[in-house]
Amino acid sequence: NGSLDTTFDSDGVKIVDFGTTANDQAFAVAIQSDGKILVAGQNEKDASPWSDFALIRLNTNGSLDTDFDGDGKVTTDNPNGGGDHAYSMAIQSDGKIVLGGKADMNIPEDNDFMLVRYTTSGALDTSFDSDGILTTSFGTNNDLINALAIDSSGNIVAAGLSAHATNGNDFALARYTSTGALDTTFDTDGKLTTAVTSGNRADVARGLVIDSSGRLVVAGSTNNGTNDLF
């Protein structure tokens with residue numbers, strides 16, 4: 001009926017602190033098959049403008065699940081440091097957790113697609129690109145993932161944007177095998193960009209689903225004077 005559920009953390013509201021004095025933000029949520037709640041976003045580091053991927057798991061009553069990385073919380077930094085944000089999440093059929101977002105490559109105006117996969121216990125899955133962390137560049141400017149989906153073959157599909165130096169950004173898609181390699185059967189190199197409009201465009205993919213025929217349906221916005229749904 002829309003009222004706060006008092007069986008969840010006694011008042012229907014749960015706030016989680018990662019123990020730093022800086023900001024924590026959530027951007028994605030998913031429910032496991034056992035009802036446990038996964039929440040992903042970013043955790044800023046103390047005395048630094050940088051941030052890491054952040055992931056928590058809650059029991060159905062709102063308490064942190066201490067079976068998940070010991071305290072219910074885990075953060076992950078890309079090898080280049082910088083500011084990393086997880087904007088999307090998908091749960092595989094085997095229960096492994098995939099986060100997608102952006103990796104700051106510590107170069108001005110250069111963020112890359114970033115994927116991280118965790119085991120059901122919250123550990124980095126080393127069967128995924130050898131260390132559980134994967135970055136993908138579409139060029140020399142900003143790329144980021146806003147949406148994730150898992151197809152019927154277990155491939156991971158990521159959608160977001162790829163920016164250009166002079167004319168805005170395009171829809172960007174990438175497909176990866178279950179081991180973290182780019183799937184070269186997808187547009188020959190695993191990556192695809194689509195210009196929705198011409199000129200100085202601002203095309204951003206924000207949503208992704210896979211239909212029953214395996215086709216990818218992507219939604220977002222484009223700028224043709226005003227931001228329009230596409």
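Is Ser10 buried or exposed? Ser10 is exposed, with 61% of its relative area accessible. That residue gets its own close-up below, along with several other spots in this predicted model.

**View 1. Ser10 and Thr188, two residues with a positive phi.** Ser10 isn't a glycine, yet its phi is positive, at about 75°. Look for Ser10 in the segment before E1. Thr188 is another non-glycine with a positive phi, this one about 70°. To find Thr188, go to the loop that runs between strand E11 (168-176) and strand E12 (191-194). Thr188 counts as exposed, with a relative accessibility of 67%. Why bother pointing out a positive phi? Because most residues other than glycine have a negative one.

**View 2. The largest pocket and what lines it.** The space in the largest pocket comes to about 230 Å³. Its lining is made of 16 residues, and the ones closest to the pocket centre are Val16, Phe18, Ala26, Val39 and Ile56. Which strands each supply at least two residues of that lining? Strand E1 (24-31), strand E2 (37-44) and strand E3 (51-58) do. Sorted by character, the lining has eleven nonpolar residues, three polar ones and two charged ones.

**View 3. Val16, one of the residues closest to the pocket centre.** Val16 belongs to the segment before E1. Its relative accessibility is 19%, so Val16 counts as buried, the cut-off being under 20%. How far is Val16 from Ala219, C-alpha to C-alpha? The two C-alpha atoms are 31 Å apart, and the residues are separated by 203 positions along the chain.

**View 4. A nonpolar patch on the surface.** Leu4, Val13 and Ile15 together make a nonpolar surface patch of about 320 Å². Leu4 sits in the segment before E1. With a relative accessible area of 57%, Leu4 is exposed, because anything over 50% falls in that class.

**View 5. Lys36, Arg57 and Asp65 in a salt-bridge network.** What links these three side chains? Salt bridges do, joined up as a network. In one of the pairs, Asp65 meets Lys36 with 3.0 Å from N to O. This pair connects distant parts of the chain, 29 residues apart: Asp65 is in the loop between E3 and strand E4 (73-76), while Lys36 is in the loop between E1 and E2. Asp65 also pairs up with Arg57, where the N to O distance is 2.8 Å. As for exposure, Asp65 and Lys36 are both buried, and Arg57 is buried too.

**View 6. Lys96 and Asp125, a salt bridge between two loops.** The side chains of Lys96 and Asp125 form a salt bridge, 3.1 Å from N to O. Lys96 comes from the loop between strand E5 (85-91) and strand E6 (97-107), and Asp125 from the loop between strand E7 (110-118) and strand E8 (133-136), so this pair ties together parts that lie 29 residues apart in sequence. Are Lys96 and Asp125 buried or exposed? Both Lys96 and Asp125 are buried. If you're keeping a tally, the count of salt bridges comes to seven.

**View 7. Thr126, in the loop between E7 and E8.** Thr126 is exposed, its relative accessible area being 53%. For a sense of distance, take Thr126 and Ile91: C-alpha to C-alpha they are 17 Å apart in space, with their positions 35 residues apart in sequence.

**View 8. Ser51 and Asp84, C-alpha to C-alpha.** Ser51 is part of strand E3. How accessible is Ser51? Ser51 is buried, with a relative accessible area of 2%. The C-alpha atoms of Ser51 and Asp84 are separated by 5.4 Å, although the two residues are 33 apart along the chain.

Notes:
Residues numbered from 1 in each chain as written. Predicted model: local features only at pLDDT ≥ 70, side-chain atom pairs only at ≥ 80, totals over all residues. Heavy atoms only, no water. 1 Å grid on protein atoms, 1.4 Å probe; cavity = no way out; pocket = protein on both sides within 12 Å on 5 of 7 lines; lining within 4 Å. Points joined across faces, edges and corners; volume = space filled by probe spheres on them. Helix = DSSP H or I, 4+ residues; strand = E, 2+ residues; numbered from the N terminus. Nonpolar A, V, L, I, M, F, W, Y, C, P; charged D, E, K, R; others polar. Patch = residues over 30% accessible without salt bridge, like charges linked within 9 Å, V, L, I, M, F, W, Y side chains within 5 Å. Areas by Shrake-Rupley, 256 points an atom, 1.4 Å probe, with all protein chains shown as cover. Salt bridge = Lys/Arg side-chain N within 4 Å of Asp/Glu carboxyl O. Buried < 20%, exposed > 50% of the residue type's maximum accessible area, 1.4 Å probe, protein only.
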